[in-house]
Structures are given as C-alpha cells and as structure tokens.
Amino acid sequence: MMKIHVTGVDPAFYRDIELIAGLFMEEVKVSDEPDGADLLLQFNVEDGRPVRARVTMTEPGGSRVWRAEHQREVKPDEQGKEYRKRVKQAVSHVLLSVLQESTGIIQPWGILTGVRPTKLLHTLLLAGKSMDEAEQILLRDYQLRPEKVELLKEIVHRQTAVLPDLYELDKEVSLYIGIPFCPTKCAYCTFPAYAIQGRTGSVEQFLAGLHEEIDAVGAWLKQRNLPVTTIYFGGGTPTSITAEQMETLFERMKKSIPFYEQVREFTVEAGRPDTLTEEKLDLLKRWKVDRISINPQSFKEETLKLIGRHHTVQETLEKYQLARQMGLNNINMDLIIGLPGEGIETFRQTLDVMKELRPESLTVHTLSFKRGSIMTQNKEKYRVAGRDETGEMVRLAREWAKEMGYVPYYLYRQKNILGNQENVGYAFPGEESLYNIVIMEERQTIIGLGCGAVSKIISPVTGRINRWPNPKEPQAYINTYRQQIADKLKALDEAYGVGEYSRIG
C-alpha cells in the first residue's frame, strides 16, 4: 500500500487524487496524516478565472523533488459544481504531470479515469467547438496521447454517420433485457451470471416475472407514444434458456412493445458457443434477429479451461459456421487482450484465426480486474500481460482491424484495466451495433428489464440521468419484481412528465 500525505487541497479531492495515483501504483491511500507516508504532495490552488494549480511532490527526506503547474480556463457562467469540476481538472493535471515525470510511465488517456471518453468529445462538439479546437483541448487540458485523440475522432465521426439523429434520440428509448443464466461463470466476469443447471424452477419463475415487466413497460411506452430504437438481449447468456422459452419471450415482446416493427435493431447475445443449437439458431433467424454475438474470448484451449469457459475452440468454430449456414449474417465476436498466459505471439495467432472468420464486427476488450471476480480474488493464480505488452497488443488490434477493413465505432474504459487501455468495438461499415453506440454515449433512455438490468432514465427535458438497477440475483428478482416495476414506472413518469415532454415532443 502506497501512502501519500497531501496538503493544500480540499479533502473532497482525495478520491480523485487516489484515482490518478492508482494509474501508476497498485494500491494507494491518500490522507492528511504524515506518519508513514511514502510520498508528500504539496498543492497550491488559486481560485479565480482561470484556476491555477501547483504541486510539489517529494520523497521522504526530500531527496528527490518534482514540480508542475497548470491553469484551467473557467467560463463566466460556471459556478458551484461546474467550477469545482475545473478545480479538480487542474489538480489532476499537475498530479499526472509529476507522476509521469517521476515514473517514466506515460498514461495514454491522460487525466481521464471515467468510462466514456467519447462522450467528452461529443460534449465539446455540442458546445460549439470545432473538431480541431476539441482536439487541442483533449491534448492540452486532458493530456491524452495523440493516438487516442485520433481514435476518438474516428469513432465520433463513425457514430454520427451511422446515427445521423444521434443527438435527437431522446424522443425514443431502447430496451435492454437481462437473462442472468450461463452454463458456467467465467473467472473474469462480474455480470449477473448464474449457472443454469439445477435452476429449472427459478428460471420459469424469473421468466414469468420478466413477462409481466415487459407487459408493464410496453403499456407505459404505448401511453407515452414512445418508439423503441433498439432491443438488446444480454446477461448472462440469453441462449442459455430453452428454444421454447426464448420463443415465448419473443412473442410476449412483440405483443407488448408498441411500434415493434419499426425497431431499428434487435440483438441477442449468444456469447457462449456451448449454448447454441440448430433449433435456437433457426429461432433467431425466424424472428429476424439483426445481430448475434458468438464470443471466443480466446482461441487457446488452456486459456478457456483456466478462465472457466467450458467450451472448446473447435466448438466455437463449428457454431460460428453453423450460424453462417443458417443465414445469420451479422455476427459479432469478442476477444480479450491480456488473458492469463497470453502474450503478443498468442494474440497474433488469434488475429490470424479472426482473419479467416471475418465476423461483421469484433469487440476487442482489454482485461480488467473487476472487483468481485474470481480472477481478482485469486490474482496469484492468473499471470497476465504487463503494461507495455498490453499496449502493444492494443496497437496490433487497431492496425489489424484497419488492414481488414474494420472501423472503430464505440469505445469504453473500465477501472483496473490492464495498461490503462480501453475496449473498442470494430465493425465493417454498415454493420455497427446501434445499441452499443446509444448505451455508451447516453443520448437516450435505456429501460432495463430482467435480472441485473440497469435502466438509465434520461430526462428529455433536463438531461439528468437516473440509474435504476434491477436485482442481480434471480430469487431476489422473483421476490420483488412487482414492486420494482411500480417504482421504475414512477421514476419514468417523473422524467417524462406529461406537460414537460409534450412541450419538446
């Protein structure tokens, strides 16, 4: 545990300082107590317009000293919370500067520690900045590396080409339907995913509750005359349930959701190849599912066993070919960079396999040590790639995708992600997932139904985001879904007040 003694800054910023320092050190504790400190950070923050921040970083005994200063412009109308945001950015800027200088580690995403860097670029453009002006702000004020800025620019350009009405999508909603069951739980996973074996009763009870939730949300949408942009079945693994259960669920959805025929995209994650059968693939084809995922994660047998996938490489290839033969023509595949025991050469071999398969889209994840995952709880068992090796694999993926004709179209980041890198969705032009764009850029309400589904209720009047999570555990969902439905519809009513919404509709 690295202990950092901080002076001269509001303790409200300590957590932000820990997040920046945590990019360089595995465990960090910031406090105003000098005893036992490994580093001293002396800040000097001058309020004003601009905000000026200075920092001096000293090792115990004062043997080595680093200094940095920065000023952050503040608009005349920025007060309160917005003003404090500028102060935080100035403090983060000088802290990153001294840590990069002292360690020699350059952070590719600068001071950004959040999930959605593309949303920042969208926000700058919506505020009237030109792309060139926004680029300079990202480089100068946020300290992004040039290659990451180029990636953001390419993604934003692609998103607005795919969804020309991206900034007006608050007049529609999307639906996420969570099926919390999987054949087994993967070692890196923290999603709602429960082994389906032995849960026959709870599966049926869960689906009965989900049917009621679909009916209730459908009635609310019909009352509000709100179209649905996309429908996304995730989990867990939706194809873990039987074909008969899936068909009944699809029938309920078609009956209950207004304007169903106008939905722009219908996606079903079939991520685990060991859940796919000819019967289920035929069902997906008959129901005109636009996009499915068949996720290898790795093409190395030893890795699949280690991370608990419980399917073989051959099974992935066979199910992929079966889906192709049955006419499913928009398939996504996921890969994970930095899985235990996999380095640059293994990743090159993985890309060679992908070159032969050529799915319509490919999501390249960088491994993240998620709190609560089996892998995080047993780190000594899982040897993973280092910072430089991870960065090289990310670079290889980007070069390979460009060579193969894929374009990046969405991006997100996670805490404790290897090398402080990112997850990127690549697709052949015209095959991008619309849902992935809207969930990442937060331009419309996404109503979550089912286990572990999180609704993001975005008021079309104020833009305020209200997260509304459903219970993660199936039995908890079964016990509470009726009350959850009532509470969620009340929250939706508050965001879409009749008078308010009618004024902008």
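This short talk concerns the interface of domain 2 and domain 4 in the structure shown above.

Colleagues, please bear in mind that we are discussing a predicted model. The protein is divided into four parts: domain 1 covers 1–105, domain 2 covers 114–162, domain 3 joins 166–271 with 434–504, and domain 4 joins 291–329 with 331–430. Domain 2 thus consists of one segment, whereas domain 4 is written as two.

I begin with the overall arrangement. The centres of domain 2 and domain 4, taken over C-alpha atoms, are separated by 25 Å. Domain 2 contributes 11 residues to the contact, and domain 4 contributes 14 residues.

How much area do domain 2 and domain 4 bury between them? The value is about 1100 Å², of which 57% lies on carbon and sulfur atoms. The size of an interface is often expressed in this way, as the accessible area lost when the parts come together.

Let me turn to the specific interactions. The rule finds 2 salt bridges across the interface of domain 2 and domain 4. I would also draw your attention to the salt bridge between the side chains of E154 and R398, with an N to O distance of 3.1 Å. In addition, 5 residue pairs are in polar contact across this interface, with both residues at pLDDT 80 or more.

Which elements supply the side of domain 2 that touches domain 4? Helices α3 (117–126) and α5 (146–162) each provide at least two residues. The most comes from α5, with 7 residues. By class, this side of domain 2 has 4 nonpolar, 3 polar and 4 charged residues.

Thank you for your attention.

Terms used:
Residues numbered from 1 in each chain as written. Predicted model: local features only at pLDDT ≥ 70, side-chain atom pairs only at ≥ 80, totals over all residues. Heavy atoms only, no water. Domains from an automatic or database assignment. Contact = heavy atoms within 4.5 Å. Buried area = accessible area lost by both parts, 1.4 Å probe. Salt bridge = Lys/Arg side-chain N within 4 Å of Asp/Glu carboxyl O. Polar contact = N/O pair within 3.5 Å; in protein donor to acceptor, adjacent residues only side chain to side chain. Helix = DSSP H or I, 4+ residues; strand = E, 2+ residues; numbered from the N terminus. Nonpolar A, V, L, I, M, F, W, Y, C, P; charged D, E, K, R; others polar.
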